[in-house]
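Student: I would like to learn how to read surface patches, cores and salt bridges from a set of coordinates. Can we work through one case?

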Amino acid sequence: MSEGGTTIEYTPTWVVAVVCSVIVLISLVAERILHFFGKYLKKKNQKPLFEALQKIKEELMLLGFISLLLTVFQDRIAKICISEDLANQWLPCKEKKEVTTEHFQTLFSSFLPNGNGRRLLAEPADFTAYCTTKGKVPLLSTTALHHLHIFIFVLAVVHVTFSALTIVFGSTKIHQWKNWEDYAKDMEDDPEGVVKTKITQVQEHDFIKGRFLGIGKNSEIQGWVYSFFKQFYGSVTKSDYITLRLGFIMTHCRGNPKFNFHNYMMRALEADFKKVVGISWYLWAFVVIFLLLNFVGWHTYFWIAFIPFILLLAVGTKLEHIITQLAQEVAERHMVVTGELVVQPSDNHFWFNRPRLVLRLIHIILFQNSFEMAFFAWIWVQYGFNSCMMGQVRFIIPRLVIGVFVQFVCSYSTLPLYAFVTQMGSSYKKAIFEEHIQEGLVGWARKARKKNKGSGFKRSSNESSQVGPKEESPLVFEMHKVNGKESSSSAV
């Protein structure tokens, strides 16, 4: 037998078989659950959500690969030696010998023979002796490596769970707007409204009265302050929805006044979910930076809680202010309009003229908040509530309050605002078409591009005059352009 524990050479075969059977059974059950859930989504024609499920599987596969690397190279990592002076720099806690081991022994003493408190992972004594003979210490012990392994797993699970909960609660909020969609359609179908020529007093319109705060620098400041508080109560009103819906239809779907804006908005949100649920490279970089700066005295675990909090307030305020800007533009240009009041969607209202940037920020908000909650749970379970890494109570309570606040506001306010306001950009998303139409148009556009590459632009220019109206011809190619932009943004 080895000094660090019994090897598989001297382990009963029935023990090996039972342990392997349990692990394989749990894995198969989890795989079957994901498989049947995927089949259910495909049966319900929920392709965006199905793609989000595939994204979750990719993240799980990445976690499995990380686990494999940690397991395979743990012995080699433990044999990397560094000087003791270097090992004592940038510690998360002031060095106290055997503190972690005592907690570990207390937690698992009931499962270990003779109560001798062996480590969960076998850490042969020769690893420590290997570095001690050189007057050095191991770079990372196998026990610390095992704890890091658990933290990465907890982080991914919490992030996927929190993202899913945010989408579910946000979608529930957006479904409440379905009544406004039905009301807008009923108004369009009203025969009396079609016959009469309507004159709209701009200043008397509900949308303008609720959003227009006057002209000048003071009104600009008031607009930002109003937008900041508006995100917490009644972030989207009935007049907001009806007016912005009409602006979208008149800009992008003029030939289809009965366009179902609500269904389009839900399809676009479902398509964005697969981007939110993933963990991009820059998010992993954030994890590494936090682990680097989380040394004693800096209270990094406390200050990091304010990053998603500040970003959330900034994004919510900006989205509300875009609605205010749309009202401002109309009120400054017109006193009276013939027909309904129509706003003009534009990318100029968004940061750097990029509506998609808002989704990236929401992604960062959700991940950082998940990271904060996962780190708290991991420390509590792994080292105990009194661990120095947990911090003082005066730091813990604000972290938890901020985490719950961010999750709640992002679910019920920021995400629905994003789904609604980002449709006020200069272009539309491919979700504007039903799924079967999307596939047909994208396929047609790809074939057209291949033909253009083979025959040149002369043939395409000659055929363009035979396609039909100007508004319909570029639609297919615009669809392919939108699809290309979204695929490239997801790759980044």
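Student: Is Phe385 buried, partly exposed or exposed?

Tutor: One point first: this is a predicted model. Relative accessibility decides the class, with buried meaning under 20% and exposed meaning over 50%. Phe385 has 34% relative accessibility, so it counts as partly exposed. As for its place in the chain, Phe385 sits in the loop between helix 17 and helix 18.

Student: Which residues make the nonpolar surface patch of about 590 Å²?

Tutor: A residue needs over 30% relative accessible area to join a patch. Here the patch consists of Trp380, Val381, Phe385, Val393, Ile397 and Val401. Two elements, helix 17 (356-383) and helix 18 (393-421), each give two or more residues to the patch. Helix 18 has the largest share, with three residues.

Student: Now the interior. How many residues does the largest nonpolar core have, and which have the most contacts inside it?

Tutor: A core is built from buried nonpolar residues joined through side-chain atoms. The largest one has 59 residues, and Ile208, Phe248 and Phe420 have the most contacts inside it. Several elements give two or more residues to this core, among them helix 2 (47-72), helix 7 (142-175), helix 12 (238-252) and helix 16 (306-333). Helix 18 supplies the largest share, ten residues.

Student: What does Phe420 touch, not counting residues up to four places away in sequence?

Tutor: The contacts of Phe420 are Trp177, Val236, Asp240, Tyr241, Leu244, Phe261, Met265 and Ile323. Apart from this core lies another, of 35 residues, which include Val287, Ile364, Trp378 and Phe395.

Student: Where does Phe395 lie, and is it buried or exposed?

Tutor: Phe395 is in helix 18. Its relative accessible area is 10%, so Phe395 is buried. Leaving aside neighbours within four places in sequence, Phe395 contacts His299, Tyr301 and Phe302. Sequence separation and spatial separation should be read as two numbers: Phe395 and Trp303 are 92 residues apart in sequence, while their C-alpha atoms are 9.3 Å apart in space.

Student: Next, charges. How many salt bridges does the structure hold?

Tutor: Side chains of opposite charge can pair when their charged atoms come close. The structure holds eight salt bridges.

Student: What is the N to O distance between Asp182 and Lys178, and which helix holds both?

Tutor: The distance is 3.1 Å for the salt bridge between the side chains of Asp182 and Lys178. Both residues lie in helix 8 (residues 178-189), four residues apart, about one turn of the helix. Asp182 is partly exposed at 32% relative accessible area, and Lys178 is partly exposed at 29%.

Student: How far apart are the closest N and O atoms of Lys209 and Asp206?

Tutor: They are 3.9 Å apart, and the cut-off for a salt bridge is within 4 Å, so the pair counts. Lys209 and Asp206 are three residues apart in helix 10, about one turn of the helix. Asp206 is exposed, with a relative accessible area of 52%.

Student: Which parts does the salt bridge between Asp240 and Arg211 tie together?

Tutor: Asp240 lies in helix 12 and Arg211 in helix 10, so the pair links parts 29 residues apart in sequence. Their side chains meet at 2.8 Å, N to O. Asp240 and Arg211 are both buried. Through shared partners, salt bridges join Arg211, Asp240 and Glu320 into one network.

Note on methods:
Residues numbered from 1 in each chain as written. Predicted model: local features only at pLDDT ≥ 70, side-chain atom pairs only at ≥ 80, totals over all residues. Heavy atoms only, no water. Patch = residues over 30% accessible without salt bridge, like charges linked within 9 Å, V, L, I, M, F, W, Y side chains within 5 Å. Areas by Shrake-Rupley, 256 points an atom, 1.4 Å probe, with all protein chains shown as cover. Buried < 20%, exposed > 50% of the residue type's maximum accessible area, 1.4 Å probe, protein only. Core = buried A, V, L, I, M, F, W, Y, C linked by side-chain atoms within 4.5 Å. Contact = heavy atoms within 4.5 Å.
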